[in-house]
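Here is a friendly note to read with the structure open beside you. Take the points one at a time, and find each residue in the picture as you go.

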Amino acid sequence: MSNPTPTTAGPAGVEPDGAPRAAAGIELRGLVKRWRSAAGPVDAVRGIDVSIARGETVALLGPNGAGKSTTIDMMLGLAEPDAGTVSVFGMRPAAAIDAGAVGAMLQTGALIRDLTVRELVRMTAALFPVPMDVDEVMALAGIEPIAGQRTNRLSGGQTQRVRAAIALVGDPDLLVLDEPTVALDVEGRHAFWATMRAFAARGKTVVFATHYLDEADAHADRAVLMARGRVVADGPTTEIKARVGSRTIRATLPGADLPALGALPGVVTADRHGDAVILTCSDSDAAIRALLAAHREARDIEISGAGLEQAFLQLTGDDDEGERR
Ligand SMILES: Nc1ncnc2c1ncn2[C@@H]1O[C@H](COP(=O)(O)OP(=O)(O)OP(=O)(O)O)[C@@H](O)[C@H]1O
Ligand SMILES: [Mg+2]
């Protein structure tokens, strides 16, 4: 919110390519970042290209050290790329932040001490051109009960909620969240995502880094999987899961004839656990139709895709080919 930086966008709200700035989302082009530390250089981000449309909710997934936080730091102008460009709504990150267009919840960083929670949220709101109503944000973030508490006397989960409130209070167009639910209990996590979905439903853009694959699956339109500083998959979570194959059908079907089930169209293998049968399928659509045609008595039917977890391991676990050269 300091450091006024000139925007690199074209004149009168028009991109250099002629597209209106209002339509521009987030563009990461050829981004490279090498950290230099005492232990030697670390190639944290090795050339990534990601486009995020306005209104999209995108999850950045990847194992520890994949480069997620480094990417986020560059999106927020907190780290300068060694190569490549970042454009946030047609502006450089610092300009977008100065314009009040960006709210962020970073992985590290403490709250300002010796203020009450309400004072801190109110103070943050005052930094933005068109903030949300402070009470509304406090309610949204579920921090009304601790409004009068000092910021240095909060539990880990309460601190996270306050940080979420601070990220939201400026009513930014882009919200960037680096592992936002880490310290939250189950209820807190539910409440957090309900808040974020309501926020996204207002046409806002949300980018979050997470290790929780189920969160990406449940709350993102799209997942960008990173590993070793590169993007290894980028697409709707359903598509990423589909890339790694099979689905499973489970059903209660006492006394089922396993060889017959295994021979149904689309079924690869059939197994039994008690009264339950488990069909691994190459084509679950064909298999479920065939199963129901043959066994109207089948019940408690569940069809599950390959978990994002499985996709994740498969896609990020590739060898380092090309990087050891
Ligand atoms: N400020 C820094 N100085 C030196 N090296 C850094 C710095 N920040 C990150 N790194 C290194 O860059 C690589 C990528 O780190 P980054 O924090 O971007 O990963 P991440 O995907 O966010 O991981 P995590 O899931 O653990 O948060 C790591 O090897 C890390 O040690
Ligand atoms: Mg990180």
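1. Start at the ligand. In this predicted model, an N or O atom in the side chain of Lys68 sits 2.7 Å from an oxygen atom of ligand 1. Gly65 takes part through its backbone: one of its polar backbone atoms is 2.8 Å from an oxygen atom of ligand 1. Glu179 adds a polar side-chain atom, 3.3 Å from an oxygen atom of the ligand. How much of ligand 1 does the protein bury? Taken alone, ligand 1 exposes 640 Å², and the protein buries 67% of that.

2. Now look at the whole shell. The ligand is surrounded by 14 residues, and the closest are Gly65, Lys68, Ser69, Thr70 and His211. By type, the shell divides into five nonpolar, seven polar and two charged residues. Strand 2 (40–52) and helix 1 (68–75) each supply at least two residues of this shell. Helix 1 gives the largest share, with three residues.

3. Helix 1 deserves a closer look. Is it enclosed or open? Six of its eight residues are buried, so helix 1 is largely enclosed by the rest of the structure. The buried ones are Lys68, Thr70, Thr71, Ile72, Met74 and Met75. Notice that Lys68, whose side chain reaches the ligand oxygen, is on that buried list. Just after the helix, Gly77 takes a positive phi of about 75 degrees.

4. Glu179 is worth a second visit. This residue lies in the loop between strand 6 (174–178) and helix 6 (186–200). Its phi is near 45 degrees, a positive value in a residue other than glycine. Why does Glu179 count as buried? Its relative accessibility is 12%, and buried means under 20%, so Glu179 qualifies.

5. Compare that with Arg228. Here too phi is positive, about 50 degrees, although Arg228 is not a glycine. The residue lies in the loop between strand 8 (222–227) and strand 9 (230–235). With a relative accessibility of 26%, Arg228 counts as partly exposed.

6. Next, the nonpolar interior. In soluble globular proteins, nonpolar side chains tend to be buried together. In this model, the largest nonpolar core has 44 residues, and Ile143 and Val162 have the most contacts inside it. Helix 5 (residues 156–168) gives the most to this core, with six residues. Leaving out residues up to four places away in sequence, Val162 touches Leu111, Val117, Leu120, Ile143, Ile146 and Leu154. A second, separate core has 30 residues, including Leu28, Val45, Met75 and Val207. You have met Met75 already, among the buried residues of helix 1.

7. Thr151 shows that a loop residue can be buried. Its place is in the loop between helix 4 (134–140) and helix 5, and its relative accessible area is 7%. Among the residues that Thr151 touches, leaving out those up to four places away in sequence, are Leu111, Asp114, Val117 and Leu120. Leu111, Val117 and Leu120 also appear among the contacts of Val162.

8. Two further buried residues are good practice. Met91 lies in the loop between strand 4 (83–88) and helix 2 (93–98), and its relative accessible area is 13%. Met91 and Glu27 are 64 residues apart in sequence, yet their C-alpha atoms are 9.9 Å apart in space. Val102 is in strand 5 (residues 102–105) and is buried, with a relative accessible area of 9%. Its contacts, not counting residues up to four places away in sequence, include Leu76, Val88, Phe128 and Val176. The C-alpha atoms of Val102 and Met75 are separated by 10.0 Å, while the two residues are 27 apart along the chain.

9. Finally, step back to the whole chain. Its secondary structure comes to 11 helices and 13 strands, and buried residues make up 46% of its 325 residues. Among contacts between residues at least 6 apart in sequence, 68% join residues at least 24 apart. The accessible surface comes to about 15,900 Å², and 51% of it belongs to carbon and sulfur atoms.

Note on methods
Residues are numbered from 1 along each chain as its sequence is written. Chains are lettered from A and ligands numbered from 1 in the order in which they are written. This is a predicted model: local features need pLDDT of at least 70, side-chain atom pairs count only at pLDDT 80 or more; totals for chains, interfaces and linings use all residues. Side-chain values use heavy atoms; hydrogens and water are left out. A residue is near a molecule or strand if one of its heavy atoms lies within 4 Å of it. A polar contact is a pair of N or O atoms within 3.5 Å; within protein, one must be able to donate a hydrogen and the other to accept it, and residues adjacent in sequence count only if both atoms are side-chain atoms. Accessible areas come from the Shrake-Rupley method with a 1.4 Å probe; for residues, only the protein chains shown count as cover. Helices (H or I, at least four residues) and strands (E, at least two) are DSSP runs, numbered from the N terminus. Ala, Val, Leu, Ile, Met, Phe, Trp, Tyr, Cys and Pro count as nonpolar, Asp, Glu, Lys and Arg as charged, and the others, Gly among them, as polar. A nonpolar core is a set of buried Ala, Val, Leu, Ile, Met, Phe, Trp, Tyr and Cys residues joined through side-chain atoms within 4.5 Å. Buried means under 20% relative accessible area, exposed over 50%, partly exposed in between (1.4 Å probe, protein chains only). Contact means heavy atoms within 4.5 Å.
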